[in-house]
Amino acid sequence: MSKDDSFEKASLNAQKTMALLQDRKIKSIPQNFTIWYEYLSGDNPAIIKLVNRLLSEHGKFSESVSKQIYNEFFSHDRESKEIRETNLLVQQSMEAVLRELRNSSKGLTNYGEKLENFAGKADGLSVADLQNTVRDIIQETQTMASQSQHLNENLKKASDEIEDLKKRLELVENESLTDPLTQIANRKKFDIELMNAISSAQAENNKLCLVMSDIDHFKKFNDTHGHLFGDQVLKLVARILENNMRGGALAARYGGEEFGLILPKTSLSAAFQLSDKIRKTVSSKSLVNRNTGDEVGKITMSFGIAQYTPGENVDAFIERADAVLYSAKENGRDQVRMETQEMAAAV
């Protein structure tokens, strides 16, 4: 494809995107434009699948849907920008340190040469010349002492700057792996940790369980009480999940109202007990709408548990756990189900 063809295609796609936003009465903001431009381009099957699923579940393209899609697919752009800027600052600090060291090395060389010259001709000097030479050496020594102090101060400053930049990078990395609403691990962190857990389970021949769960009837709950109240429910559930994680286990927001639990060195029965404890804790909470003061009942969750089979890939593992979760929801919700041999064979 020529440069002109690429530009024409991009221009046409931009026009289609703006027309779609206007037709569906979606706010024409950069975040929404980015999502639908990518969707209409057809180049990203994952974003097409997610948009279609969320539209089916929520019935419309809401602000919360937009936020979820954008965080999952496009927040890495900000992360990359932060890292590029921080790397530039690190390079600038290192260049400053190297300049100081080069200048100091040159000064030390000159100082050493003067000391050698003094030692070589000291025996043949008159008293007056010796006094002048000693005075010069004292002055050079004081100059070097001053330069060394200046060098130490600059090295200390550079060291502090680099330490601050290191902390900044750690903060950027942590933010990129944290769900902004619930403050627990996000889908990106989940994917990374599940791969690590699978590698460890295979290397050490340990059991590994994966629990997929979601909040029952969350769409109806959101429609009835509003998205802000729905966000509070998501935060409550995330806090309960996080408080029950032990021994390297991880709770993550997988997407929307779905959560994933990675449980290393855990049997199916232990995973069932933990999941049922969480289910009971969640359903025991009495929810009150702070704006109205009205009680809005309780929320329930469904859980599906699968145990890792050595040699299977990560997608198959997640798919099995999702199938068990679907079974729990099909059989009445508010329950924990474990994978059976029949389920595993079906998947």
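Mentor: Welcome! Helices (H or I, at least four residues) and strands (E, at least two) are DSSP runs, numbered from the N terminus. This is a predicted model, where local features need pLDDT of at least 70, side-chain atom pairs count only at pLDDT 80 or more, and totals for chains, interfaces and linings use all residues. Residues are numbered from 1 along each chain as its sequence is written, and side-chain values use heavy atoms, leaving out hydrogens and water.

Trainee: In which strand is the place of G255?

Mentor: Look at residues 250–255. G255 belongs to that run, which is strand 2.

Trainee: Is G255 buried or exposed?

Mentor: Buried means under 20% relative accessible area, exposed over 50%, and partly exposed in between (1.4 Å probe, protein chains only). G255 has 14% relative accessibility, so G255 counts as buried.

Trainee: Which element gives the most to the largest nonpolar core?

Mentor: A nonpolar core is a set of buried Ala, Val, Leu, Ile, Met, Phe, Trp, Tyr and Cys residues joined through side-chain atoms within 4.5 Å. Of the 31 residues in the largest one, V233, V237, F259, L263 and I278 touch the most other members. Elements giving two or more residues to this core include strand 1 (208–215) and helix 10 (268–283). With eight residues, the element that gives the most is helix 9.

Trainee: Which residues does N222 touch, not counting residues up to four places away in sequence?

Mentor: N222 sits in helix 8 and, at 6% relative accessibility, counts as buried. Contact means heavy atoms within 4.5 Å. Not counting residues up to four places away in sequence, N222 touches H227 and G230.
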